[in-house]
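Please open the structure in your viewer and keep the selection panel at hand, since this tour moves from one selection to the next.

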Amino acid sequence: MAVKLAVIVLINAGFLAAACGTATDLDRQTTAIESVRATTMAVADAWLDGEVSTPYARAALERAYELAQDCRSSLTRSPLRAADPRRAALIDQCERLARQIALLSAATASGDRDGIARLRRQESARASS
Amino acid sequence: VKKIGNVVLGVITSIGGFVEVGSISTSMQAGADFGLQLLWAVALAAFIMAILIEMSGRMAALSGRSLIAAVRDRFGVHVLLTILVAELVIDLLLATAELGGAAIAWRLLTGVAFSWWVLPICAAAAVLLWAGTFGVVENGLGMVGLITLVFVWAAWKLGPGGDALRAGLIPSLPDHDPARYAFIAVGIVGATASPYLLNFYASGAVEEKWSEGDLWSNRITAFLGIGFGAVVSMGALVVAALVLRPRGIHVDSYEQAAFSFVPVFGRRGVLLFAAALLVGCFGAAVEITLNAGYLFAQAFGWAWGANKHRRDTARFTAAMTLVLVAAGLCAVCGFDPLRLTLVAVGLTVILMPVVVLPFLVLMNDGRFVKHHPSGPIGNALLAALTIAAAVMALVVVPLEILGG
């Protein structure tokens with residue numbers, strides 16, 4: 001009995017310790033959005049440099065769009081949405097990023113290099129501001 | 001000379017067959033999220049797997065039984081059914097994820113939606129399963145699977161440095177998100193120590209009629225094959241750590257993972273990644289499906305064997321075909337292969353104590369290992385592994401939730 005109790009206490013203490021340093025849901029979503037943005041920019045740059053094919057670029061951008069929408073869905077699922085300005089700002093970021101990816105995807109499909117370069121610059125400027 | 005040739009072939013095919021959807025996804029997530037800090041988890045997982053593979057091969061060589069047949073004979077029907085059902089669920093999930101991974105490889109190359117590729121891939125797998133012998137499946141796929149060494153080549157070109165690699169092989173605490181760190185570490189163990197590999201390896205030993213004289217080659221194949229195979233997984237981790245992490249890219253999709261080869265190989269990058277993903281996943285899908293046939297046949301005492309005529313093993317053939325069809329249908333439904341892999345890896349960890357515990361008994365039972373039982377070190381390792389597996393099984397679900 002004492003051993004069982006000790007094991008349960010140890011495991012719970014471990015979880016508590018892990019949970020203390022664990023990223024919050026908002027932190028994770030922020031990281032996920034940044035990851036999608038970084039992927040989008042990296043793929044757009046690689047396509048402009050001729051390092052990746054159009055089919056790959058389109059596939060990667062479509063998946064990035066889905067990931068941005070996933071982020072948005074998980075953020076809007078929370079009832080605290082209206083009361084939390086950080087969450088609302090993240091939802092805006094997701095929506096803007098998803099729109100930008102859709103434009104990039106369309107430009108890639110039509111081979112519009114100038115359009116991609118322009119969108120790439122816009123997103124870069126937004127990210128740095 | 002023939003035996004040495006067989007050992008070399010066994011080691012090579014072990015390397016070629018090591019990397020599949022689970023090891024690629026968990027290793028690359030580890031690298032992208034925590035740099036080289038989780039290299040130790042890959043090494044530990046490989047060591048655990050090598051111990052279990054050696055034991056299952058030894059038992060098969062000495063008793064002519066695979067793990068599931070030995071469990072049936074030693075523990076009876078209740079334990080058998082528990083392990084059988086659990087393994088079949090994991091096999092189905094993993095086969096679905098592998099088919100999805102192979103289909104995504106085609107999507108990376110062509111841009112066509114991955115669900116369109118599932119049917120042709122299933123058809124190719126069915127042809128191989130119906131027409132191929134065990135040698136063709138194991139050695140053929142293992143040799144083609146050597147293309148996964150491209151991960152090691154990429155890591156070599158990136159040059160992570162010996163000091164950084166050595167530091168990664170020593171367990172250390174993460175500087176952020178410890179729950180995710182722990183989940184990925186446990187996930188790497190779950191992805192590497194898949195129960196299907198144990199039964200598949202032992203069934204292969206029975207198919208190839210191993211005997212007491214093959215124990216030394218079993219040991220070499222297990223430790224060298226798995227050891228070198230782990231180097232391929234480490235290569236994937238290193239590439240993600242050195243390419244994706246500095247760019248802030250996490251591995252939430254295979255499209256992101258594929259980008260890791262672009263700065264290393266330029267225009268050939270996506271092609272090489274897709275080829276490695278395709279071959280690794282297709283090979284694993286075929287082996288998992290074949291293993292599902294083995295599981296059914298060995299559990300219920302049907303005639304089985306990939307080297308026998310399919311007409312003589314009708315129920316075995318029907319069982320593996322049904323599992324392939326079921327996995328194909330699940331894959332067509334559009335489940336995200338990466339997420340499915342993580343679910344399967346979690347379930348594998350939960351099942352691990354149930355798989356490891358019987359070894360402790362079987363490897364000390366003269367009916368199964370004759371005069372080659374586990375020594376004190378082997379038993380101590382198994383006991384420690386059983387306790388560790390039980391702890392991991394308890395924590396994996398909370399960690400999956402806490403780790404996001």
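Begin by selecting chain A and chain B together in this predicted model, and look at where they meet: the two chains bury about 2,300 Å² between them, and 63% of that area lies on carbon and sulfur atoms. The area lost in this way is often used to express how big an interface is.

Next, show the residues that touch across the boundary, where 27 residues of chain A are in contact with 32 residues of chain B. Between the chains there are four salt bridges, and one to select is the pair Glu62(A) and Arg107(B), whose closest N and O atoms are 3.5 Å apart. If you turn to polar contacts between chain B and chain A, the count is eleven residue pairs, with both residues at pLDDT 80 or more.

Now hide chain A for a moment and ask which helices of chain B each supply at least two residues of the side that touches chain A. They are H5 (77-110), H10 (178-192), H13 (254-259) and H19 (376-402), and the largest share, five residues, comes from H19(B). Colouring this side of chain B by class gives 14 nonpolar, nine polar and nine charged residues.

Finally, bring chain A back and select it alone, following its five helices, with zero strands, along the sequence in the pattern α-α-α-α-α. Of its 129 residues, 40% count as buried, while the accessible surface of chain A comes to about 6,800 Å², with 58% belonging to carbon and sulfur atoms. Among the contacts in chain A with a separation of 6 or more, 67% join residues 24 or more positions apart.

Notes
Residues are numbered from 1 along each chain as its sequence is written. Chains are lettered from A and ligands numbered from 1 in the order in which they are written. This is a predicted model: local features need pLDDT of at least 70, side-chain atom pairs count only at pLDDT 80 or more; totals for chains, interfaces and linings use all residues. Side-chain values use heavy atoms; hydrogens and water are left out. Helices (H or I, at least four residues) and strands (E, at least two) are DSSP runs, numbered from the N terminus. Buried means under 20% relative accessible area, exposed over 50%, partly exposed in between (1.4 Å probe, protein chains only). Contact means heavy atoms within 4.5 Å. Accessible areas come from the Shrake-Rupley method with a 1.4 Å probe; for residues, only the protein chains shown count as cover. Buried area is the accessible area (1.4 Å probe) that two parts lose on being put together, summed over both. A salt bridge is a side-chain nitrogen of Lys or Arg within 4 Å of a carboxyl oxygen of Asp or Glu. A polar contact is a pair of N or O atoms within 3.5 Å; within protein, one must be able to donate a hydrogen and the other to accept it, and residues adjacent in sequence count only if both atoms are side-chain atoms. Ala, Val, Leu, Ile, Met, Phe, Trp, Tyr, Cys and Pro count as nonpolar, Asp, Glu, Lys and Arg as charged, and the others, Gly among them, as polar.
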